[in-house]
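Visitor: Please take a close look at a single part of this model, the metal site, and then go on from there to a few other local features.

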Amino acid sequence: MPRFGALEAGGTKMVCAIGDEKGHILERVSIPTGEPAETMPAILDFFRDKDLAAVGVGCFGPVDLDRNSPAYGSITSSPKLSWRNYPMARRFRESLGIPVGFDTDVNAAALGEATWGCTKDVENSIYITVGTGIGVGVIINGRPYHGMIHPEGGHIFVERRADDPMPKGICPYHGNCLEGLASGPAIERRWGRKGIELTDIPAVWELEAYYIGQAICTYICTLSPERIVVGGGVMHQEQMLPLIRQEVRRQMHGYIQGKGMEKLDEYIVPIGLNDNQGVMGAIKLAMDAYLEEGGTL
Ligand code: ADP
Ligand code: ZN
């Protein structure tokens with residue numbers, strides 16, 4: 001059975017894994033994200049001589065996904081300056097000589113769930129991560145959607161609630177976008193403590209759910225997903241998901257009446273792959289690259 005390499009490239013750590021076509025993870029290491037000159041050789045060393053059929057990378061971004069672009073597979077405007085313009089996919093291809101699948105970290109997570117997780121029975125779904133940043137991976141007809149670049153659903157504009165104790169959102173580009181108002185760091189800025197220390201304060205999570213619920217109403221209206229997965233560090237707060245569903249119902253106000261809206265607890269769901277969704281999605285990216293270049297399973 002062919003073996004596939006998978007990299008979940010994040011701003012704090014690089015999770016490198018070997019997997020098979022069933023999505024089983026056979027081996028895994030985590031390497032702290034430092035400067036590319038040190039981090040990349042360590043990653044490539046892990047994958048070398050492992051008899052891999054292909055490798056898949058789910059990468060923090062924004063990234064260039066335009067296959068006709070000379071910068072395809074590069075990180076573009078990352079706030080991590082040393083990684084800006086880094087040609088991730090090309091580096092893998094040149095040093096390992098195998099097919100490389102490449103997408104954003106959140107598209108990889110969406111694809112992992114859509115292949116082996118809680119959206120495997122639907123063709124159109126979205127995956128939202130609420131963590132250090134907010135990202136949205138969009139799966140349309142079973143494949144990650146890119147369009148011009150890739151969706152940046154964390155940066156949609158939302159209406160600031162008038163009683164929000166934080167006068168302005170923290171996104172350096174937009175102020176009051178979803179990420180500016182509802183990311184983990186926004187919670188910390190607003191309340192002066194990290195989310196994990198605020199578990200017992202209902203107002204924190206009601207306001208958070210107001211923003212996430214507002215964004216989900218926008219995604220439902222624009223993308224009509226058949227299911228919505230919500231993950232990321234902030235979602236470790238177990239009270240969040242019921243509050244989000246309640247806000248979606250309230251803010252949608254009966255306008256959309258699909259199957260999902262009738263059963264919101266089956267429509268807006270937690271992750272199904274135990275925080276392996278990013279790595280497993282990267283395995284699927286590798287499989288697809290392998291098949292595209294004539295490999296057989
Ligand atoms: P990243 O987005 O960096 O990949 P995470 O998804 O773990 O990583 O998100 C980290 C953010 O989530 C931080 O802002 C952190 O404060 C917040 N966070 C992590 N765990 C919890 C928790 N149990 N409750 C609330 N917030 C949390
Ligand atoms: Zn923004």
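Guide: C171 counts as buried because its relative accessibility is 7%, the classes being buried under 20% relative accessible area, exposed over 50% and partly exposed in between, with a 1.4 Å probe and protein chains only. H174, by contrast, is partly exposed at 32%. Both residues are protein donors of the zinc ion (ligand 2), the full set being H155 through ND1, C171 through SG, H174 through ND1 and C177 through SG, at 2.1 to 2.4 Å from the ion; donors here are N, O and S atoms within 2.8 Å of the metal (3.2 Å for Na, K and Ca), and water is not among the atoms, so sites may look incomplete. The angles subtended by the 4 donor atoms run from 104 to 117°, and the arrangement is therefore tetrahedral, a label that four donors earn if all angles lie between 85 and 135 degrees. Along the sequence, the donor residues follow the spacing H-x15-C-x2-H-x2-C.

This is a predicted model, in which local features need pLDDT of at least 70 and side-chain atom pairs count only at pLDDT 80 or more, while totals for chains, interfaces and linings use all residues. Residues are numbered from 1 along each chain as its sequence is written, chains are lettered from A and ligands numbered from 1 in the order in which they are written, and side-chain values use heavy atoms, with hydrogens and water left out.

Away from the zinc ion, helix α1 (residues 36-47) packs against helix α2 (residues 88-96) at an angle of about 45°, their axes lying 11 Å apart (axes are lines fitted to C-alpha atoms over the stretch in contact, and angles run from 0 to 180 degrees between N-to-C directions; helices are DSSP runs of H or I with at least four residues, and strands runs of E with at least two). That angle makes α1 oblique to α2, since under 35 degrees counts as roughly parallel, over 145 as roughly antiparallel, 65 to 115 as roughly perpendicular and the rest as oblique. From α1, the residues M40, I43, L44 and F47 meet M88, R91, F92, S95 and L96 of α2, contact meaning heavy atoms within 4.5 Å.

The loop between α1 and β4 holds D49, which has a positive phi of about 60° although it is not a glycine, and D49 is exposed at 78% relative accessible area. In the loop between β4 (52-59) and α2 lies P62, joined to G61 by a cis peptide bond with omega of about 10°.

Methods. Four donors count as tetrahedral if all angles lie between 85 and 135 degrees; four count as square planar and six as octahedral if opposite donors are over 155 degrees apart and all others between 65 and 115; anything else is irregular.
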